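Here are my notes on the model, as promised. Have it open next to you while you read.

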Amino acid sequence: MMNFLTAEWRKLAIINYEVNPEILEKYLPNGVELDFWDGKCLISVVGFMFLNTQLLGISVPFHRNFEEVNLRFYVKKWENQQWKRGVVFIKEIVPKKALSIIVNTFYKEHYETLPMKHLISENTEEITVEYSWGKNLDNKIKLIAKNNLQKMLQNSDFEFITEHYFGYTKNGKKTFEYEVTHPKWKNYEVLSSFIQIDFKENYGTDFEFLQNQKPHSILLAEGSEIEVKTKTKLNFN
């Protein structure tokens, strides 16, 4: 299948919250069901760097390297006697308007363009990763971690969060599916965090409750090169 997009996703700051599954029902595309980890329904705010980005094999000037912050939850689809695990995005925020237009048009996603910035620094002991966004850059995720990459542990929440290789989008009663390929990721041990997000302003009243909710877990993934395949429309009998 043809690649729609190739890039690197790097320094993924992943903030996970437990959520009542009923809140996500109206966002659930036809043909997929919620995926649970250890009996918990999770939703994640993920900030990361898009690097060396190409659309249909073409590098678009001034759109190669940029930040993204998204809110997503986890689903699965039974096909050919096995589960396909994927994600559904509530919203994806980027600083590039052209990217929002292209992806919203062709993938029926929910991209929004806002001012964004990042700060990534490291020394031999620690690595600091920070993402800010919004009109006044007043939403912020900042993680400080040990600068020592660790292999993925089996049956961990890090494995669950990062081992979902399909995206599902809802367009009325239609469901579209696309595959994202990448190797297994390594992660850093998070030492401290600062999270300042206006959930109501960014994601609506359905997610305002996250404003004062303690995260279930906070993770930092190194990331890798990725490929996003061309989408397909799912047919249901």
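How many bridges pair strand β12 with β14, and in which sense, parallel or antiparallel? Keep in mind throughout that this is a predicted model.

1. Let me answer that straight away: β12, which covers residues 187–188, pairs with β14 over 2 bridges, and the sense is antiparallel. If you want a residue to click on, Tyr188 stands opposite Leu220 in β14.

2. β14 has other partners too. With β1 it pairs over 12 bridges, in the antiparallel sense, and Ala7 stands opposite Ile226 of β14. Strand β11 (residues 174–181) is joined to β14 by 2 bridges, and these two strands also run antiparallel. Here you can look at Thr181, whose bridge partner in β14 is Glu227.

3. How enclosed is β14? The strand spans residues 217–229, and 10 of its 13 residues are buried, so the rest of the structure largely encloses it.

4. Now the nonpolar core. The largest one has 68 residues, and Ile43, Val45, Phe73, Trp133 and Tyr203 have the most contacts inside it. Strand β1 (residues 3–18) supplies the largest share of this core, 9 residues. As background, nonpolar side chains in soluble globular proteins tend to be buried together.

5. Trp133 deserves a closer look. Setting aside neighbours within four places in sequence, Trp133 is in contact with a list of residues that includes Val69, Ile93, Leu114, Met116, Ile141, Ile197 and Tyr203. There are also Asp138, Asn139, Lys140 and Asn202 among its contacts.

6. Pro115 is another contact of Trp133. You'll find Pro115 in the loop between β6 (111–113) and β7 (116–122). Its relative accessibility is 41%, which is why Pro115 counts as partly exposed. Not counting residues up to four places away in sequence, Pro115 touches Ser132, Trp133, Gly134, Lys135 and Leu137. Pro115 and Ser132 are 17 residues apart along the chain, with 8.4 Å between their C-alpha atoms.

7. On to the aromatics: the whole structure has 9 aromatic pairs. One of them is Trp9 with Phe50, edge-to-face, at 5.9 Å centre to centre and with 80 degrees between the planes. Trp9 sits in strand β1 and Phe50 in strand β3 (residues 42–55), so this pair ties together parts that are 41 residues apart in sequence. Trp9 and Phe50 are both buried.

8. Phe50 also pairs with Phe66, this time stacked, at 4.8 Å centre to centre with 25 degrees between the planes. Since Phe66 belongs to strand β4 (residues 66–79) and Phe50 to β3, the pair ties together parts 16 residues apart in sequence. Phe66 is buried, as is Phe50. Ring pairs link Trp9, Phe48, Phe50 and Phe66 into a cluster.

9. There is a charge over a ring as well: Lys76 lies over the face of Trp83, 4.3 Å from the ring centre.

10. Last one: is Glu163 buried or exposed? This residue is found in the loop between α3 (157–162) and β10 (166–171). Glu163 counts as buried because its relative accessibility is 16%, and the cut-off for buried is under 20%. The side chain of Glu163 makes a polar contact with the side chain of Lys184, at 2.8 Å. Leaving out neighbours within four places in sequence, Glu163 is in contact with Arg85, Met152 and Lys184.

How values were computed
Residues are numbered from 1 along each chain as its sequence is written. This is a predicted model: local features need pLDDT of at least 70, side-chain atom pairs count only at pLDDT 80 or more; totals for chains, interfaces and linings use all residues. Side-chain values use heavy atoms; hydrogens and water are left out. A nonpolar core is a set of buried Ala, Val, Leu, Ile, Met, Phe, Trp, Tyr and Cys residues joined through side-chain atoms within 4.5 Å. Buried means under 20% relative accessible area, exposed over 50%, partly exposed in between (1.4 Å probe, protein chains only). Helices (H or I, at least four residues) and strands (E, at least two) are DSSP runs, numbered from the N terminus. Contact means heavy atoms within 4.5 Å. A polar contact is a pair of N or O atoms within 3.5 Å; within protein, one must be able to donate a hydrogen and the other to accept it, and residues adjacent in sequence count only if both atoms are side-chain atoms. Two strands pair if DSSP finds at least two bridges between them. Rings of Phe, Tyr and Trp (its six-membered ring) pair if their centres lie within 6.5 Å; planes under 30 degrees apart count as stacked, over 60 as edge-to-face and the rest as tilted. A charge sits over a ring if NZ of Lys or CZ of Arg is within 6 Å of the ring centre and within 35 degrees of the ring normal.
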